[in-house]
Amino acid sequence: MILTKPTDADMHEGGLRYKQGGWEYYVFRRWLEAGAKFEEDKAQKLVNLEVTPAELLFAAPGEK
């Protein structure tokens with residue numbers, strides 16, 4: 001599913017995330033073929049996340 005869902009091969013609600021045959025597809029495929037190893041103690045931890053702009057303003061149709 002990690003290969004079929006993002007390529008929209010199974011028509012799921014999330015839509016296309018990357019194309020089959022694209023670099024993202026091959027990164028995941030090679031990782032899976034290598035046994036999908038994951039070493040939690042070597043994974044980087046997210047310390048801080050900043051989203052900008054902090055506020056979005058929407059205008060009604062016809063307004064600026």
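**Figure 1. Arg-29 and its partner in helix H1.** At a relative accessibility of 33%, Arg-29 counts as partly exposed in this model, which is a predicted one. Arg-29 forms a salt bridge with Glu-33, and the closest N and O atoms of the two are 3.1 Å apart. Both residues belong to helix H1, where they are four residues apart and therefore separated by about one helical turn. Glu-33, with a relative accessibility of 58%, counts as exposed. Side chains of opposite charge can pair when their charged atoms come close.

**Figure 2. The salt bridge of Lys-42 and Glu-39.** A search of the whole structure finds two salt bridges, and one of them joins Lys-42 to Glu-39, with 3.1 Å between the closest N and O atoms. Lys-42 counts as exposed, its relative accessibility being 63%, whereas Glu-39, at 43%, counts as partly exposed. As a wider setting for this view, the chain carries 9 positive and 11 negative charges, and the mean positions of these two groups are 7 Å apart.

**Figure 3. The stacked rings of Tyr-18 and Phe-28.** A search of the whole structure finds two aromatic pairs. In the pair shown here, the ring centres of Tyr-18 and Phe-28 are 5.9 Å apart and the ring planes stand at 20°, so the pair is stacked. The pair links distant parts of the chain, since Tyr-18 is in the segment before helix H1 (23–33) and Phe-28 is in helix H1, with their positions 10 residues apart in the numbering. Tyr-18 is buried, with a relative accessible area of 8%, while Phe-28, with a relative accessible area of 30%, is partly exposed.

**Figure 4. The edge-to-face rings of Tyr-25 and Tyr-26.** A pair of aromatic rings is described by the distance of the centres and the angle of the planes. For Tyr-25 and Tyr-26 the centres are 5.5 Å apart and the planes are at 90°, so the pair is edge-to-face. Tyr-25 counts as buried at 10% relative accessibility, because the cut-off for a buried residue is under 20%. Tyr-26, at 35% relative accessibility, counts as partly exposed.

**Figure 5. Backbone details at Ala-36 and Pro-53.** Most residues other than glycine have a negative phi, and most peptide bonds are trans. Ala-36 has a phi near 50°, a positive value in a residue other than glycine. Ala-36 lies in the segment after H1 and, at 28% relative accessibility, counts as partly exposed. Pro-53 is also found in the segment after H1, and the peptide bond that leads from Thr-52 to Pro-53 is cis, with omega near -5°.

**Figure 6. The whole chain, as a setting for the close-up views.** The secondary structure of the chain comes to one helix and zero strands. Along its principal axes the C-alpha trace spans about 55 × 35 × 20 Å, and the radius of gyration of the chain is 19 Å, where a compact globule of 64 residues would have a value near 11 Å. Buried residues make up 11% of the 64 residues. The accessible surface of the chain comes to about 6300 Å², and 56% of this surface belongs to carbon and sulfur atoms.

How values were computed: Residues are numbered from 1 along each chain as its sequence is written. This is a predicted model: local features need pLDDT of at least 70, side-chain atom pairs count only at pLDDT 80 or more; totals for chains, interfaces and linings use all residues. Side-chain values use heavy atoms; hydrogens and water are left out. Rings of Phe, Tyr and Trp (its six-membered ring) pair if their centres lie within 6.5 Å; planes under 30 degrees apart count as stacked, over 60 as edge-to-face and the rest as tilted. Helices (H or I, at least four residues) and strands (E, at least two) are DSSP runs, numbered from the N terminus. Buried means under 20% relative accessible area, exposed over 50%, partly exposed in between (1.4 Å probe, protein chains only). The radius of gyration is taken over C-alpha atoms; the globule rule is 2.2 Å times the number of residues to the power 0.38. Accessible areas come from the Shrake-Rupley method with a 1.4 Å probe; for residues, only the protein chains shown count as cover. Lys and Arg count as positive and Asp and Glu as negative; His and the chain ends are not counted. The place of a charge is taken as NZ of Lys, CZ of Arg, CG of Asp or CD of Glu. A salt bridge is a side-chain nitrogen of Lys or Arg within 4 Å of a carboxyl oxygen of Asp or Glu.
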